[in-house]
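Open the model in your viewer and keep the selection tool at hand. We will go from stop to stop, and at each one you will hear what to pick and what is there.

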Amino acid sequence: MDKSSVIGKLLFQGEIMLESPLIIGGGLDNDGVDISVLKNSDGKAYIPATSLAGALRHYFYNNADLDTANKEINQQLKYFWGDDYDNDKESESDSDMYQSALFISDAYAKENAKIRIRDGVKISEKGIVDKDNKFDYEVVERGATFNLKLEVNLRQEYNEEKNKTFEKTLVFLIRALEKGAISIGAMTTKGFGKCRLVGGKYYKLDFRNGRDVLYWLSGKWNDKMPEKLEALEAFDTKGGDFVIDSWFSIKNSLIVRSYPGNPEDPDAVHISDSRGYVLPGTSVRGAVRHRAKRIIKTLGGNEESLIKQLFGDVSKKPKEKTKSRVTVDETPIKEEDGIISEVQSRIKIDRFTGGTVGGALFDTMPLWPKKPDSKMVNLRFSIKNWKKGIDDWQAGLLLLVLKDLWCGDLAIGGEKGIGRGVLEGQEARITFEGQSIDIVRDKGQEDCSRISVTSPAGDNNAEGILQGFVKDLVAKCNGGECHAG
């Protein structure tokens, strides 16, 4: 038997469900949107295998706890993911190349997939819309499900250690998808592309067993008894994220503008999808980044350098581009306590005469809460691969942003100049390295500083830990050495 002969397969088949909208762009389409969703000839949206493979590989190498000094493991992973010529080598031969053992099929959407067009704008440093940076794009709405099929070839030349590494890698990816840890497509740091595995079966086929050969040739391999994933070994996950998950009430009103196509509708309404109103991560992330930059500048730090470390760099030089470590989720607005959405007519005033400007009448339809202090708005942002003792200043920076949001000093969305978008913090949970700290607003207190800071694990120094993160930020901005919080 040739050493490259396939002697078995690892197979996984399941479905992934979108927890936030997906941007999987295919360029300009006939409708003239700037980014259109990829579709097949039948108009069905799909995620190309190239995008899935890139997202899975990027997540694996950034989150799997690998022994980088173990050359054997590194070599086995090259066989799993594939490897091309090494540009550092003097000679280039076929022995330097490896075809990936992993095969991924295009993931096609099921019938529940809905596509909608969203508008996007760039906000300048002055907080106003940059008129030259208006764009629109198609998204697949949350709730859509896609078929997922992963296949790993096992060859004659692979020893048992290689096969074991392959399985550990595949099981690691499956578990990450089950936890919703992998995002797909564009603008993932702004909350797009979050997905979760919603069922699936894992099989092993050994072609040295005649029955398994028949399973494969007949296409009925899913008739075989699936493996129990919980009993299988996988790579450990390294590091962790610093996560702030917070709930707010709306003090006055809120609007993140969307523009209906029907001329009978108001000129602007709050953005929504087929399931209800949402708070897009694009709006929140822009506000968080702008306020973080202002805080660093106020503390005397180098805001350009520190912001790039945390929020990435989109410099025009390709080699200098870095991805943001801060991720902001898109979240639905809680409507159980009741939301009022009413049309308000507005006019433009001539500043010279004090009279109205003719033809400048427009309507907006913001959201209003029925009950004060009701937890309606969820803001969730995190720092990827956060390490205590190294990245403490970054945690301190996001905590100060949270404080400004909590106390209504930082508004979200549009029409902030007339009082919209002001939030009031009600509760928050901060998690990092297996530890969590809760912040709860004291009932009936208008003063935003009247809060309780506790640790579910009973740590009496919860408040001191948070203060330590902020002190570390101050030291960083003052040029001092960082210390553990």
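Start by selecting Met-187, which sits in the loop between α3 (160-178) and β8 (195-206). Keep in mind as you look around that this is a predicted model. What is the sign of phi at Met-187? The angle is positive, about 55 degrees, although Met-187 is not a glycine. Most residues other than glycine have a negative phi. Now turn on the surface: is Met-187 buried or partly exposed? With a relative accessible area of 26%, Met-187 counts as partly exposed, because the buried class ends under 20%.

Next, select Glu-415, in the loop between α7 (392-406) and β21 (423-432). Here too phi is positive, at about 55 degrees, and again the residue is not a glycine. As for its surroundings, Glu-415 has a relative accessible area of 8%, so it is buried.

Move on to strand β9 (residues 242-250) and pick out Ser-249. This serine is buried, with a relative accessible area of 1%. Which side chain does Ser-249 meet in a polar contact? Show Gln-426 as well: the two side chains are joined by a polar contact of 3.1 Å. Leaving aside residues up to four places away in sequence, Ser-249 touches Asp-373, Ser-374, Val-422, Leu-423, Glu-424 and Gln-426. Display these six as sticks to see the setting of the serine.

Now for some empty space. The second largest pocket has a volume of about 1,000 Å³. To find it, select Tyr-59, Asn-63, Ala-181, Asp-241 and Lys-384, which are the closest to its centre among the 35 residues that line it. Two elements give two or more residues to this lining, α1 (49-63) and β20 (377-383). Colour α1 first, since it gives the most, with seven residues. What kinds of residue make up the lining of the second largest pocket? They divide into 18 polar, eleven charged and six nonpolar.

Finally, zoom out to the whole chain. Switch to a cartoon view, where the secondary structure comes to eight helices and 23 strands. Of the 485 residues, 45% are buried. If you display contacts between residues at least 6 apart in sequence, 68% of them join residues at least 24 apart. End with the surface view: the accessible surface of the chain is about 25,500 Å², and 47% of that belongs to carbon and sulfur atoms.

Note on methods
Residues numbered from 1 in each chain as written. Predicted model: local features only at pLDDT ≥ 70, side-chain atom pairs only at ≥ 80, totals over all residues. Heavy atoms only, no water. 1 Å grid on protein atoms, 1.4 Å probe; cavity = no way out; pocket = protein on both sides within 12 Å on 5 of 7 lines; lining within 4 Å. Points joined across faces, edges and corners; volume = space filled by probe spheres on them. Helix = DSSP H or I, 4+ residues; strand = E, 2+ residues; numbered from the N terminus. Nonpolar A, V, L, I, M, F, W, Y, C, P; charged D, E, K, R; others polar. Buried < 20%, exposed > 50% of the residue type's maximum accessible area, 1.4 Å probe, protein only. Polar contact = N/O pair within 3.5 Å; in protein donor to acceptor, adjacent residues only side chain to side chain. Contact = heavy atoms within 4.5 Å. Areas by Shrake-Rupley, 256 points an atom, 1.4 Å probe, with all protein chains shown as cover.
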